[in-house]
Amino acid sequence: MKILQVTAGLEQGGVERGTVEMAAYTISQGAESLVASQGGRMVDELMRIGARHITLPLARRNPFAILYCAWRLKKILQSETIDLVHARSRAPAWAAFLACRWTGTPFLTTFHGTHKIQNRLKKWYNSSMVRGQRVIAISEFIRDHIIQNYQIDSSVIDIAPRGFDPQRFDPGEFSPEQNLSLRKELGCSADETLIALPGRLTRWKGQTVFIDALGRIKDLQWKALLIGGPGKKLGYLDELKRRAADNGIADRVLFCGNQHTIAPYYAIADLVVSASIEPEAFGRVAVEGQAMAKPVIASAHGGALETVRDGETGWLFASGDPGDLADHLRYALSGSVDLVGMGQKAREWVLANFTTDRMCQAEWAGYLKILGQ
C-alpha cells in the first residue's frame, strides 16, 4: 500500500512534526510512505526513516499555483498508483482534493487549527480541510469547531490527539550534572526556581501576559525562561524586553532563543507555562511539559482543557488575565504544593493518553476506514 501525505512545507512546527511521525508509522505498518511539500529542514529526517519526498510549490496559495500542483499530483497518483492521499493544510488540500477527484483516489484530511473565518470567501477556502471522505480532528475542541462552522456530520470525524515521543521527552535521560551544566550556562544556580514558557515569540502565545504576571510575584525567588525565537518579529522581542524592564524584572527574564532540542529546557524547569491568548488547537507545550514530569499552568481554553487536569497535573487560569496567572504561580511556588509529585502524576497522565504512537494509531484507523479494511 502507498500513502501520500500532502502539506505546505517541512520546515518546523507541529503539523510538520506530525507528518514525519505518521510517515514513520506508515512504514512500520509495512506500507510505503511518500510526502509532497515545498521542502524544508525536516526533509532529511523524513528520508532517513525511509520515506520519499516530492518537491512541489504547495505552500503557494494563488489559484494558478494550486491548479498546477493539482495537475502534478494527478500525474503522481497515476504513476505511483497511490492508494490514499492525506492532506494537512489548506492550499495543499485543495490541490490534493482536485487530483483525487480526477483520479478517484481516496482522500482524507487532518484539521490542525481553527483557521480564522473572516468572511464567506475565507470560509470557503478553509473548507478544503473538510472535503475528505473522513476528517481527522486533533482534539475534541477542533471536532466541535468543525461541526459548528462547517456543518459536517460527526460520524465522518475521527479524533487523533497530537502526541509526544516518550524517548525524546524522558526526564530520566537527563542527569543532575547535565541539568546543572545547562543552568550554569544560562546563569542560574542549582537551587533557583525556574519557570519556563516555551513557544515562538508571537503575540498570541501570551508572552506579554506571562511577563505582566511575573511582575506581580517579584517578591518571590525565581527566574523565567522564554524559549523560542522571534523570527522576523524583532520589534516584538524588543517590546518584551522593555516590558520586563518596566515590571522591574529585566534581570530575571531570560530570552533563550530557538532551540532545536527543547527537552533539556523542560528538564531544568520547575514549572511550565502555556499562556496563549487564543485557543490552542491542541497545544504540544502542555503535553511535552507534563511528559517531562513538570506541572503545567495553562490558559483555560482550547486543547488545554483536554490535556491539563486542573489541580492534579497542573492548573488552568483565565486566558489573558495576568492577575489570575500570577495567583496560580504564587500558589505553585508557595511551598505547600508537592511539585515533584504533581509532575510524576502529569507524566503518567500523558503517557497513558497522548503519545505519538497513540496519535498515529488513530490516524491509521482513519485510513483503514476509508479503504474498507
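**View 1. The largest nonpolar core, 71 residues in all.** This is a predicted model, where local features need pLDDT of at least 70, side-chain atom pairs count only at pLDDT 80 or more, and totals for chains, interfaces and linings use all residues. Residues are numbered from 1 along each chain as its sequence is written, and side-chain values use heavy atoms, with hydrogens and water left out. A nonpolar core here is a set of buried Ala, Val, Leu, Ile, Met, Phe, Trp, Tyr and Cys residues joined through side-chain atoms within 4.5 Å. Buried is under 20% relative accessible area, exposed is over 50%, and partly exposed falls in between (1.4 Å probe, protein chains only). L4, L73, V85 and I146 have the most contacts inside this core. Helix α4 (residues 90-103) is the top contributor, giving 8 residues; helices (H or I, at least four residues) and strands (E, at least two) are DSSP runs, numbered from the N terminus.

**View 2. A second, separate core.** This one has 32 residues, with A213, L214, L226 and I249 among them.

**View 3. V85 and the residues around it.** Contact means heavy atoms within 4.5 Å. Skip the neighbours within four places in sequence, and V85 still touches L4, V6, L77, A96, C100, T105, P106, F107 and L108.

**View 4. A70 in helix α3.** The helix covers residues 63-80, and A70 counts as buried because its relative accessibility is 0%. Beyond its neighbours within four places in sequence, A70 is in contact with A95, L98, A99 and W102. M129 is 59 residues from A70 in sequence, and their C-alpha atoms are 15 Å apart.

**View 5. Cysteines without a bond.** Count pairs of cysteine sulfur atoms within 2.5 Å, the cut-off for a disulfide, and you get 0 disulfides. C100 is in none, with the nearest cysteine sulfur, that of C69, 14 Å away. For C188 the closest cysteine sulfur is in C256, at 8.0 Å, so that is too far for a bond. Both C100 and C188 are buried, each at 4% relative accessibility.

**View 6. Rings, and charges over them.** W94, F97, F107 and W124 are linked into a cluster by ring pairs, and the whole structure holds 11 aromatic pairs. Rings of Phe, Tyr and Trp (its six-membered ring) pair if their centres lie within 6.5 Å; planes under 30 degrees apart count as stacked, over 60 as edge-to-face and the rest as tilted. Elsewhere, the charged end of K123 sits over the ring of Y150, 6.0 Å from its centre, and that of K241 sits over the ring of F255, at 5.9 Å. Sitting over a ring takes NZ of Lys or CZ of Arg within 6 Å of the ring centre and within 35 degrees of the ring normal.
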